[in-house]
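Reader: I'd like a close look at one part of this model, picked apart contact by contact. Could you take me through the aromatic cluster and the pieces of chain around it?

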Amino acid sequence: MVQNTIKSHNIPYKEKLERIMALFLSKTLNKIDAKSRVSVPSAFRNTLKNQTFKGIIAFPSYTNKCIDSCGIDRMEEISNSLDHNNTYSQDEFDLISLYFGEAERLSFDKEGRVILPKNLVEHSEIKDQALFVGLGPTFQIWEPTNFNSQKVQTIKNAKLKNLNPRLKPIPKGI
């Protein structure tokens, strides 16, 4: 039987489900100002509008020169799964620990911008423009040239291996 509220947050169940089903699509290129402020795309902000934190969570990608990002509710779900899921390998647990240790809360200002911390800008090699790339439940922030290089390599690899992502679900944890 489904409860009408999620007790840990005292949030109506329907509202909690809406938060869990964040969906980030498409790409948007935005300029970064001298203070490292960048506007988060309005479609992404709209996806996050019902979450408990008005901003994004950002941390360095461990597989690409970009910034991995999501809403606070995704991080809360991962945190809750650590308490209730004993199936993580030690390697998976270590990686999750890095995510939490390096995650930054980036609050929206009144124009919908966030300030990108220096360590994330350096990691991602972002200069004067940031490319927001939707990944379904999460998104990434790229330096545009790096993204285009990665895109070319990914397409080349997909052709060589005859990959068709429509036939497989996205792996958990991405």
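Author: Here is a walk through the aromatic cluster, then the strands, the helix and a few side chains that go with the picture.

Keep in mind that this is a predicted model. For a quick overview, the protein chain holds 6 helices and 10 strands. Of its 174 residues, buried ones make up 33%. If you take contacts between residues at least 6 apart in sequence, 62% of them join residues at least 24 apart.

Now to the rings. Searching the whole structure turns up 8 aromatic pairs. In one of them, Phe-24 and Phe-44 have ring centres 5.2 Å apart and planes at 70°, and since anything over 60 counts as edge-to-face, that's what this pair is. Phe-24 sits in the loop between α1 (13–20) and β3 (27–31), while Phe-44 belongs to helix α2 (residues 42–48), so the pair ties together parts that are 20 residues apart in sequence. Both Phe-24 and Phe-44 are buried.

Phe-24 also has Phe-139 as a partner. Here the ring centres are 4.8 Å apart and the planes meet at 55°, so this pair is tilted. The link spans distant parts of the chain: Phe-24 in that loop between α1 and β3, and Phe-139 in strand β10, 115 residues apart. How buried are these two? Phe-24 has a relative accessible area of 1%, and Phe-139 comes in at 0%. With the cut-off for buried at under 20%, both values qualify. Add Phe-132, and you have the whole group: Phe-24, Phe-44, Phe-132 and Phe-139 form one aromatic cluster.

Phe-132 gives us a way over to Asn-30, which lies in strand β3. Setting aside neighbours within four places in sequence, Asn-30 is in contact with Phe-132, and also with Val-38, Ser-39, Val-40, Pro-41, Asp-128, Gln-129 and Ala-130. Ser-39 deserves a second look: its backbone oxygen lies 2.5 Å from a polar atom of the Asn-30 side chain. Asn-30 counts as buried too, because its relative accessibility is 18% and the limit is under 20%.

Phe-139, for its part, leads into the sheet. Strand β10 covers residues 139–142 and pairs with β6 in the antiparallel sense, over 3 bridges. Within that pairing, Ile-67 of β6 stands opposite Ile-141 in β10. Strand β6 (residues 67–70) also has β5 (residues 55–60) as an antiparallel partner, joined by 4 bridges. A hairpin of 6 residues connects β5 to β6, and Ala-58 stands opposite Ser-69.

Which way do the side chains of β6 point? In a regular strand, side chains alternate between the two faces of the sheet. In β6, Ile-67 and Ser-69 point one way, Asp-68 and Cys-70 the other, and all of them are buried.

Carry on along the chain and you get to helix α6, residues 144–161. At its start, a side-chain oxygen of Glu-143 reaches to within 2.9 Å of the backbone nitrogen of Thr-145. The helix has 18 residues and reaches 26 Å from its first C-alpha to its last, close to the 26 Å expected at 1.5 Å a residue. After α6 comes Asn-162, with a positive phi near 55°.

Going back to α2, the helix that carries Phe-44, there's the loop between α2 and β5, and Lys-54 is in it. Lys-54 is partly exposed, because its relative accessible area is 46%, and that class runs between 20% and 50%. Its side chain reaches two backbone oxygens: that of Lys-49 at 2.7 Å and that of Gln-51 at 2.9 Å. Apart from neighbours within four places in sequence, Lys-54 is in contact with Lys-49, Ser-107 and Phe-108. Lys-54 and Ser-107 are 53 residues apart in sequence, yet 5.9 Å apart in space, C-alpha to C-alpha.

One last ring, for anyone who likes cation–ring geometry: the charged end of Arg-105 sits over the ring of Phe-53, 5.3 Å from its centre.

Terms used
Residues numbered from 1 in each chain as written. Predicted model: local features only at pLDDT ≥ 70, side-chain atom pairs only at ≥ 80, totals over all residues. Heavy atoms only, no water. Helix = DSSP H or I, 4+ residues; strand = E, 2+ residues; numbered from the N terminus. Expected span 1.5 Å × (residues − 1). Polar contact = N/O pair within 3.5 Å; in protein donor to acceptor, adjacent residues only side chain to side chain. Buried < 20%, exposed > 50% of the residue type's maximum accessible area, 1.4 Å probe, protein only. Pairing = 2+ DSSP bridges. Phe/Tyr/Trp six-rings, centres within 6.5 Å; stacked < 30°, edge-to-face > 60°. Lys NZ or Arg CZ within 6 Å of the ring centre and 35° of its normal. Contact = heavy atoms within 4.5 Å.
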